[in-house]
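Visitor: I'd like to learn how to read helices and their packing. Could you walk me through a case?

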Amino acid sequence: MCRESLLFLQQFNYIKFYTTSPMSPSGHASHFQLLRSKHKIFIFEGYTTTFTEEGLRIEYLFKIDGLAVFKPVSVIHFGKYQDVFLNNYNQNRPLAEYLIFNIGLIELISYWKTTCAPIIQITGNLLTPAQVEWWKKLYFNGLGEFFYVNGLNPTLEEFVDIVSSGGQFLPQNVRGMTDGFLIPVGGGKDSAVTLELLKNAQVEIIPLIINPRGATIETLLAAGIDSNDMVSISRTIDPELIRLNSEGYLNGHTPFSAMLAFYSLLASLLIGKRDIALSNESSANEATIPGTHINHQYSKSFAFEQDFREYVTRYISSSFNYFSFLRPLNELQIVSVFSKLNQYHRVFKSCNVGSKTDSWCGKCPKCMFTHIMLSAFKGKAYTDEILGAKMLDDADMAVVFDELCGFSENKPFECVGTIDDVNQAMQMIANQYKDKEKPLLVDRFLCHDRANNLSADISQISNSHNLSPNQFELLKKAL
């Protein structure tokens, strides 16, 4: 029997909290125009690099006309690879400097979006017209959620002009590259699967972690990898940005995975490994807002991967091989593999709310999605213990649950699987309760038409990927 009426009050309160904004869409739009008219130019003035005892220190210099100066800092740590880093940097210095410049082009998004200045002025390197169009496409699509949430509706052609001056860089081959895989690790289930499968393939793997935390380090240990064997990057935000955000300047989501892509190139150059194996899946291709280009996971999508590979080959170097090892798989398929890797279950964390404390908050869309997917294969009781929350019994999660299942107009703005992934997982969970009293949200799922005529077929693998035949066979065997 459906219990919709029991959830109404909780839904109403959650919707009220979830959708209330301090400014109407028209208010956001007028604020946007005011900021753009007042601060017309954003300047990427340059960067400085210094080798310290820790590693390669990079400080960028960004300015907003008449408002602020930003000096964010990143450090690529040597670890045990000091001699390798220095040798590869010195052998490929012009290329290393150009990669640092390109990282600046992606770092600047976080600062530019405070006012969305109509002109971005870049010094130090000349971008071709084709490069300008590439970067405008990345900024526009990568900021799709930012524009949507702030009630803005700019066009690709007019939202910004990019002007540059300096020398023209010509693509170069990398000296000193050897076989092996650089694997970015975020502490979630996806990178754990990539680590485990490539480790078992007997290839050399070196983890890359940005701002290491408990879950990322513990994931390496669960994989049998010493934390001293990783490449790490410390990345900091200029406090001036936080101050401006607190004063009402524009804020919102930026394409972190695109930033990771460029940092991974520099790490690949310094460590001397050609292959960069990401852990983005086919499910990342689905738009968050149906019928639009707005995708919270745009820079995890196959479209971005293809664009990025083309950009790197054409303007940087053909020596790099950036690809997603999990691209042929959807979320349901990845969890089917992950569910067998028990050593990672108590250490992985992918909750953004609890990222600073290495915990699951048990109240956000990411936790809800993870709970559903793992419960499909490991059961509700096991998953309740892992996440520390009985989320399928939580009436307060009804609105988020509806968004994940496609019962609402939009998906959550989170890195979650497709609506089909969720519904197939929910049917698998429902099948576990055929003759038992069902958890609240399982019962809710069965009240909707979408629950009918589904089949959890995880045998189909996508052919849209950049894997080698041997790598593709590894995934097929894992399934």
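Visitor: What phi does Gly272 take just after α11?

Guide: Keep in mind that this is a predicted model. Gly272 follows directly after α11 and has a positive phi, about 80°.

Visitor: And how do I check the span of helix α11 against its 16 residues?

Guide: Count 1.5 Å a residue: residues 256-271 should then span 22 Å, and the end C-alpha atoms are 22 Å apart, which agrees. Of those 16 residues, 15 are buried, so α11 is largely enclosed by the rest of the structure.

Visitor: How are two packed helices described?

Guide: By the angle between their axes and the distance between the axes. Take helix α4 (residues 93-107) with α11: the angle is about 165° and the axes are 9 Å apart. Angles over 145 degrees count as roughly antiparallel, and that makes α4 roughly antiparallel to α11. Their crossing is left-handed. Among the residues in contact are Leu95, Leu99 and Ile103 from α4, with Phe262, Leu266 and Leu269 from α11. By class, this contact has 13 nonpolar residues, one polar and one charged.

Visitor: At what angle do α14 and α17 pack?

Guide: Helix α14 (residues 365-378) meets helix α17 (residues 419-431) at about 45°, with axes 8 Å apart. That makes α14 oblique to α17. The crossing here is left-handed.

Visitor: Which residues of α14 and α17 meet?

Guide: On the α14 side, Phe369, Ile372, Met373, Ser375, Ala376 and Phe377; on the α17 side, Asp421, Val422, Ala425, Met426, Met428 and Ile429. They divide into ten nonpolar, one polar and one charged.

Note on methods: Residues numbered from 1 in each chain as written. Predicted model: local features only at pLDDT ≥ 70, side-chain atom pairs only at ≥ 80, totals over all residues. Heavy atoms only, no water. Axes fitted to C-alpha atoms, helices over the stretch in contact; angles between N-to-C directions. Helix = DSSP H or I, 4+ residues; strand = E, 2+ residues; numbered from the N terminus. Parallel < 35°, antiparallel > 145°, perpendicular 65-115°, else oblique. Left-handed = near helix turned anticlockwise from the far one by under 90°. Contact = heavy atoms within 4.5 Å. Nonpolar A, V, L, I, M, F, W, Y, C, P; charged D, E, K, R; others polar. Expected span 1.5 Å × (residues − 1). Buried < 20%, exposed > 50% of the residue type's maximum accessible area, 1.4 Å probe, protein only.
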